[in-house]
Amino acid sequence: MKETRGNRLHITFLGKMNTGKSSLINRLFGREISIVSDFAGTTTDVNQKAMELLPLGPVSLLDTAGLDDEGELGGKRVEKTLQTLDRTDIALVVFDNGGIKDCDIALFKELKSRKIPVISIVNKTDIAMPAQKDIETIKNNSSQIVFLSAKNDTDVISKLKQALILTADEEYINTPELLEGITEKNDTAVLVIPIDKEAPKGRIILPQVQTIRDLLDNQAISVVCGVENLDYTIKNLKTAPKIVITDSQAFKEVSEIIPQNILLTSFSIIFAKLKGDLKTFVKGADVLDEIKNEDKILICESCSHHPVEDDIGRVKIPNLIKKYTGKNLIFEYASGHVFPKDIEKYRLIVHCGACMTNRREVLSRIEIANSKNTAITNYGIVIAKCLKILPRVLKPFKL
C-alpha cells in the first residue's frame, strides 16, 4: 500500500547549524534533496520529504534549521524547528566536534518531556571526535548513539537503519489495521461516499481510499455507493453487510436507512481510533451538554484548504453544535501543523479526522489539551453527538 504522509514514520533531523543534518538526508536519498553548504544556516525552513526505508517502510524525513540560529529571523526559524516536535516519532539529533551547547541540553529536556525517542548522530568523525564529557552527555540522553562521517563512510545508511529499527515502535513495522476487530475475511462493508462540493474531482478522499485498501488486504468485500442509492444497495445484497461506513456529513440520512441490526460508523470515527484516543474524544463531546453562552470552540483542521460554501468544519459543524446546544457560541479556526498556544481559552476543541497528519501529532495535541483542562473531540464524534446517534456509531468499537 502506498502510504500517505499521515501514516508515515516521521523522523526529524535536529541539531545546531552546520553539523551535517542535510548531508545525512542526502545520503539516505542517494541524491541532493537538501541544499548543503560550508556556510552555517543554509537550511532556513523545515524541508519534509517522503521515502521508502525498508524494513520500516514509508517514512517522512524532516530537515530543520539549526537550533543555535540567532537574530530575529533566526529565532523564527528555531521556533519553526521546535514546532516539528509535535509530529516527530523519532528525533535524530546530529552533533559534530563543536561541543554541547545550552540549546542541545534544552532540546534533550524537551524531547524527554514529550517521550520522543532520541537517536544521537555524532557526525564528522573523520575530522575529529567530541570531547569525552560531551559524548557521555549525549549517551545519557539518547536511546541510541551512532558515530559516522556523512561525507566519507560507506555504511551510513545501514548504521542509520539499524538504529531506527531498534528505536521505532512496533506499530511502524506491523501497522495496525483500520478495521481490526470489526471485519473479517468475506465480511461485506458498504461504504457510503457522498459526492459533494468537498469531493475532489475525479477522485475520492484519502480516508475512503485507505478504508477500501484495508478491506482488500483482509479479503473482505467493499461495496461503494452514494446516499441516493444506499437503500437500493442494501436491499439488493444477498447477505446483509457486516457494517456500513459513511462520511460523517451523511450520518443523518444513512442512520435512517440502515436497520439497527447492521453496524454503522463513519470514516472520521475510524480515524479517531487509529490516530487519536477514542475514549478521550467521546468524553470531550459530552462538554456540549454543559456548554455556556459565549464559550469558545476551536475547529482544528490538520490540513490547509480553501473552505467551500458549505464547508464541514466552518459551516456544517458549527451549525450542528449551535442547533444541539441552543447556545450563542464563538467559533475560531486553526489549520495545518500550527496548534494555538493559548488553548485554555477554548471550552472545546473539535479536531478533524487527521488523515493528513500522523498519530503522534494528534496525541501531542490531546496531551496539550488535557494539560490545559480543555476538552477535545473529533469531527465524526461531534456530528454523531449532535444527531443523537453516538451510542450506535460507537458500537463497532466495543468501548
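# Exercises on a predicted model

Thr374 sits in the loop that joins α12 to β14 (375–378). The model used in these exercises is predicted.

## Exercise 1. Two residues of one loop

Task: Decide for Thr374 whether the residue is buried or exposed, and do the same for Asn373.

Solution.

Step 1. Place the residues. Thr374 is in the loop between α12 and β14, and the loop between α12 and β14 is also the place of Asn373.

Step 2. Apply the cut-offs: buried is under 20% relative accessible area, and exposed is over 50%.

Step 3. Thr374 has a relative accessible area of 2%, so Thr374 is buried. Asn373 has 71% relative accessibility and therefore counts as exposed.

Step 4. List what Thr374 touches. With neighbours within four places in sequence left aside, the contacts of Thr374 are Ile343, Glu344, Tyr346, Arg347, Leu348, Ile349 and Ala369.

Step 5. Check the backbone of Asn373. Its phi is near 55°, which is a positive value in a residue other than glycine.

## Exercise 2. Helix α13 and its two ends

Task: Find how many residues of helix α13 (residues 379–386) are buried, and describe what is found at the start of α13 and after α13.

Solution.

Step 1. Count the buried residues. In α13, 8 of 8 residues are buried, and the helix is mostly covered.

Step 2. Name them: Tyr379, Gly380, Ile381, Val382, Ile383, Ala384, Lys385 and Cys386. A lysine, Lys385, is on this list.

Step 3. Look at the start. A side-chain oxygen of Asn378 comes to within 2.9 Å of the backbone nitrogen of Gly380.

Step 4. Look past the end. Lys388 follows α13 and belongs to the loop between α13 and α14 (390–394). The phi of Lys388 is positive, about 65°, although Lys388 is not a glycine.

Step 5. Classify Lys388. Its relative accessible area is 68%, so Lys388 is exposed.

## Exercise 3. Two polar side chains in loops

Task: For Asp68 and Asn123, state which backbone nitrogen lies 2.8 Å from a polar side-chain atom of Asp68, and which lies 2.9 Å from one of Asn123.

Solution.

Step 1. Place Asp68. The residue lies in the loop between β3 (57–63) and α2. Asp68 counts as buried because its relative accessibility is 17%.

Step 2. Find the partner of Asp68. The backbone nitrogen in question belongs to Met17.

Step 3. Add the other contacts. Beyond four places in sequence, Asp68 is in contact with Lys16, Met17, Lys101 and Cys103. Lys101 is 33 residues from Asp68 in sequence, and the two C-alpha atoms are 8.6 Å apart.

Step 4. Place Asn123. The loop between β5 (118–122) and α4 (132–140) holds this residue. Asn123 is buried because its relative accessible area is 2%.

Step 5. Find the partner of Asn123. Here the backbone nitrogen is that of Ala150. Ala150 is also among the contacts of Asn123 beyond four places in sequence, together with Thr19, Gly20, Val94, Phe95, Asp96, Leu148 and Ser149.

## Exercise 4. A cavity and a pocket

Task: Describe the lining of the largest cavity and that of the second largest pocket.

Solution.

Step 1. Count the cavities. There is 1 cavity of 30 Å³ or more. The largest cavity has a volume of about 40 Å³.

Step 2. Name the lining of the largest cavity: Phe271, Ala272, Lys275, Gly276, Phe281, His351, Cys352, Gly353, Ala354, Val362 and Asn378. Helix α9 (residues 267–275) gives the largest share, 3 residues.

Step 3. Sort this lining by class. The result is 6 nonpolar, 4 polar and 1 charged residues.

Step 4. Turn to the second largest pocket, with a volume of about 760 Å³. Its lining has 31 residues, and those closest to the centre are Leu85, Asp86, Arg114, Ser364 and Ile368.

Step 5. Assign the lining to elements. Those that give two or more residues are α2 (71–83) and α12 (359–371), and α12 gives the most, with 7 residues.

Step 6. Sort the pocket lining by class. There are 14 nonpolar, 5 polar and 12 charged residues.

## Exercise 5. The whole protein

Task: State how many helices and strands the protein has, and what share of its residues is buried.

Solution.

Step 1. Count the elements: 14 helices and 14 strands.

Step 2. Give the buried share. Of the 399 residues, 52% are buried.

Step 3. Look at the surface. The accessible surface is about 19,000 Å², and carbon and sulfur atoms hold 50% of it.

Conventions
Residues are numbered from 1 along each chain as its sequence is written. This is a predicted model: local features need pLDDT of at least 70, side-chain atom pairs count only at pLDDT 80 or more; totals for chains, interfaces and linings use all residues. Side-chain values use heavy atoms; hydrogens and water are left out. On a 1 Å grid over the protein atoms alone, a cavity is a set of points where a 1.4 Å probe fits but cannot get out, and a pocket is an open set with protein on both sides within 12 Å along at least five of seven lines; lining residues have an atom within 4 Å of a point. Grid points are joined across faces, edges and corners, and a volume is the space filled by probe spheres set on the points. Helices (H or I, at least four residues) and strands (E, at least two) are DSSP runs, numbered from the N terminus. Ala, Val, Leu, Ile, Met, Phe, Trp, Tyr, Cys and Pro count as nonpolar, Asp, Glu, Lys and Arg as charged, and the others, Gly among them, as polar. Buried means under 20% relative accessible area, exposed over 50%, partly exposed in between (1.4 Å probe, protein chains only). Contact means heavy atoms within 4.5 Å. A polar contact is a pair of N or O atoms within 3.5 Å; within protein, one must be able to donate a hydrogen and the other to accept it, and residues adjacent in sequence count only if both atoms are side-chain atoms. Accessible areas come from the Shrake-Rupley method with a 1.4 Å probe; for residues, only the protein chains shown count as cover.
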